[in-house]
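Biologist: Hey, can you walk me through this one? I'd like to start with how the strands pair up.

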Amino acid sequence: LGSSLFCSPPERRFNDGLCLIGSGEMNVILDNWLHAFYGDGPERPVHEGRGDGVAPAALRKGICDLAPMARPMSDSEVHSLVGVFGAPPVAVPVAVEGLAVIAPAHTLLESISLDEVRTVFGEAPHILRDLFAEVVDTEHHNRSLGVLGQNSASNRYRWFKESVLKGEPFSDRVLELAGPLELVDRVGQSRHDFGYARPSELTDAVVALPIQVGEGADAVAPTRAAIVNGEYPIRRFYYIYLPPAQAVANRPNSAAVELVRKMLEPESQAMLEAVGLYPLSEERRLASLEQLAVFD
C-alpha cells in the first residue's frame, strides 16, 4: 500500500490537507459531509473508498489522517497498530446501519426468530412447512422457500455472514444478486422468497419481518427507533478510526479531530437518513464526542 493519486505521502500529509482512506460503504455520506463542511474548494479533505480492509494499513503507514470503517477492526488489525503507535487506535462511532429481513407483502408470517433467520439463510429448507408452522394446513404449505442475498464480494454479505450466521457459510441455495434494488424487486415478485436490505430500500411489495431474539421475547421491527437504540438485532455502527493520543508518530492534528467532531454535530447526524443510515442515539453521540476529548 503506497501513496495514492489523491492522498499525499506521509511527510506531506498535514501540509496538503486531510485525507481519509477506508470504507466504500461510507462514500456517499462522507461526500455529503465533506461538501457541507468545506464546499468544493481546495481545502476539502479527500476520501478514498478503497474498502474496510485497506483502512488499518493506511492508518498504520501514515498515508491517511482518518480511517472510516463499516465494521470494528479485528484483533490482529488493532495489534498491528499497537505495534506502531504503542496504544490501540481510537474507534469513534459516527452512524448506524440496520438490515431488514424481508418477505413478499402477502406472506402469512407476522415475525421470524433470529434462529429461524439463521436456518433460512444457512440451510435454506426447500419447503415452507419444513420451518414455519404458520403455513401448515394452508394453501402455502407446499410453496418452495427461495432465499436471495447479496453477492459474496459485497460488504453486506460479509456483515450478514459474521453477525447473523456467526461466521458459518450461507446455504448454496442462496441466490446471490448484484445489488439491493434487484433483490427487493425479486422478493416482491416471488411466491415466498426471503432476502435482506436496508429499511430505506424497501417497497410496498415486500414486508420487513420483526425479529424475535430469544424465546419468549417480543419480536422487534426494524424501525428507526429500534435500530438507533439497539433493540433491533441486525444493526452496526460505522466508525472513524484515529491514531491514539499517546502516539509519538502520526498523532492526529487538530484539523483531523475537528473534522470528526463536525460529523457528530446534530446537523450532520440529521443528514444520515437521506442516504439510508441512521444518526447515533444522543447518549452514543455524546459518548463519541467524549472519546475525542483525549486529543484536547
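**Strands and helices**

Modeller: Strand E7 (residues 146–150) runs parallel to E8, and 3 bridges join them. Strands (E, at least two residues) and helices (H or I, at least four) are DSSP runs, numbered from the N terminus. Two strands count as paired if DSSP finds at least two bridges between them. This is a predicted model: local features need pLDDT of at least 70, side-chain atom pairs count only at pLDDT 80 or more, and totals for chains, interfaces and linings use all residues. Residues are numbered from 1 along each chain as its sequence is written, and side-chain values use heavy atoms, leaving out hydrogens and water.

Biologist: Cool. Which residue stands opposite Glu176 in E8?

Modeller: That's Gly149.

Biologist: And what order do the strands of the open, mixed sheet come in?

Modeller: The order is E8-E7-E9-E5-E10, so to speak from one edge to the other. The edge strands, E8 (175–177) and E10 (206–208), each pair on one side only.

Biologist: Switching topic: which strands stand at the edges in the E3-E12-E4 sheet?

Modeller: Strand E3 (67–69) and strand E4 (90–98) do; each has a single partner strand, so one side of each is left without a neighbour in the sheet. The pairing there is antiparallel, and Ala67 stands opposite Tyr241 in E12.

Biologist: Last one: where is Gly214 found?

Modeller: Gly214 sits in the loop between strand E11 (211–212) and helix H8 (224–229). Leu114 is 100 residues away from Gly214 in sequence, but their C-alphas are 7.6 Å apart in space.
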